[in-house]
Amino acid sequence: MNEERLQKVIAAAGVASRRHAEEMITAGRVTVNGEIVRQQGVKVTTHDEVTVDGVPLAKEKKQYFLFYKPRGVITAVTDNKDRKTVTDYFPEVRERLYPVGRLDYDTSGALIMTNDGDFANMLMHPKFNIDKRYVAKVKGIPTGAALRPLRDGITIEGRKLAPAHARVLSRDRVKQTAIVELVIHQGLNHQVKKMLKAVGFPVEKLAREAIGPLELTGLQPGNYRKLTHSEIAALRELGEK
């Protein structure tokens, strides 16, 4: 009889990523055969009855969406301050979706939503070096020389970052602001804001316009579309490199 770790079973059922499943277990939100389980590493079989928040685990149809997250929305499933979350935009989707990675509250742009825990874990793994394209409105007008440290690989908080593509898209000399494009493949907390601030150009507004081959073309803030089979395959291929 095959046994699997509880957090892996929860992730495979599309309820949450494996990391989030571990948090759910610790919080006492998971039961096995009617008993609350808080210990990590517990193994279960297909004969065990697992519930999350009182809902029996079931094999859900895997769903994959590209979502255009608006500004002022929390990248989370729930929020204890009753702020709008990304899952609020999917009321007609029966499966329990969750976001892959994060976008700041005041950052808009491309975000993958899914119920495929293994797929989400692959995309969030540090080895998954997929380009993410950002466009930022910054204070000041950078020169090419000013952005060179970003292209060379800047050190922030003691960590040397990978070289980034950085260029100025437009300048407003009256308001003394500029639009800068930055392409990175790491995903550190507030990375783009920290990078641009480090070279002297604080971010006023930020949007993520693309995740690898996924672009927001045709979408408005708050809209989403299903990923195509070829897009899902392309992301999986990148994750296997």
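The following paragraphs lead through a predicted model, from one helix to its salt bridges and then to two buried residues.

Helix α2 spans residues 18-26, and within this helix Ala-21, Met-24 and Ile-25 are buried. These three residues lie on the same side of α2, because they cover an arc of only 100° around the axis. The elements against which the buried residues of α2 pack are α1 (6-12), β2 (30-32) and β5 (50-52). After α2 comes Gly-28, a residue with a positive phi, near 80°.

The charged side chains come next. Side chains of opposite charge can pair when their charged atoms come close. The structure contains 14 salt bridges. One of them joins Asp-79 to Arg-83, with an N to O separation of 3.0 Å. The two partners can be placed by their accessibility. Asp-79 has a relative accessibility of 16%, and therefore counts as buried, since buried means under 20%. Arg-83, in contrast, is partly exposed, its relative accessible area being 31%.

A further residue to follow is Arg-133, which takes part in a salt bridge with Glu-209, where the closest N and O atoms are 3.1 Å apart. This pair links distant parts of the chain: Glu-209 belongs to strand β15 (residues 203-211) and Arg-133 to strand β10 (residues 132-139), with their positions 76 residues apart in sequence. Glu-209 counts as partly exposed at 33% relative accessibility. Arg-133 also counts as partly exposed, at 21%.

The side chain of Arg-133 meets that of Glu-215 as well, in a salt bridge of 3.1 Å, N to O. Because Glu-215 lies in strand β16 (residues 214-215) and Arg-133 in strand β10, the pair ties together parts that are 82 residues apart in sequence. Glu-215 counts as partly exposed, with a relative accessibility of 39%. Arg-133 thus has salt bridges to Glu-209 and to Glu-215. Elsewhere, a network of salt bridges links Asp-104, Asp-106 and Lys-193.

Attention now turns to Glu-231, a residue of helix α6 (residues 229-239). Is Glu-231 buried or exposed? Its relative accessible area is 14%, so Glu-231 is buried, the limit being under 20%. A polar atom of its side chain lies 2.9 Å from the backbone nitrogen of Thr-228. Apart from neighbours within four places in sequence, Glu-231 is in contact with Leu-214, Arg-225 and Lys-226.

The last residue considered here is Ile-184, located in strand β14 (residues 177-184). Ile-184 is buried, with a relative accessible area of 5%. Which residues does Ile-184 touch, not counting residues up to four places away in sequence? They are Ile-130, Asp-131, Lys-132, Tyr-134, Ala-164, Gln-191, Val-192 and Met-195. Among these, Lys-132 and Tyr-134 fall within the residue range of strand β10 (residues 132-139), the strand that holds Arg-133. A distance can be given for Ile-184 and Ala-166 too: their C-alpha atoms are separated by 9.0 Å, and the two residues stand 18 residues apart along the chain.

Terms used
Residues numbered from 1 in each chain as written. Predicted model: local features only at pLDDT ≥ 70, side-chain atom pairs only at ≥ 80, totals over all residues. Heavy atoms only, no water. Helix = DSSP H or I, 4+ residues; strand = E, 2+ residues; numbered from the N terminus. Buried < 20%, exposed > 50% of the residue type's maximum accessible area, 1.4 Å probe, protein only. Polar contact = N/O pair within 3.5 Å; in protein donor to acceptor, adjacent residues only side chain to side chain. Contact = heavy atoms within 4.5 Å. Arc of directions from axis to C-beta. Salt bridge = Lys/Arg side-chain N within 4 Å of Asp/Glu carboxyl O.
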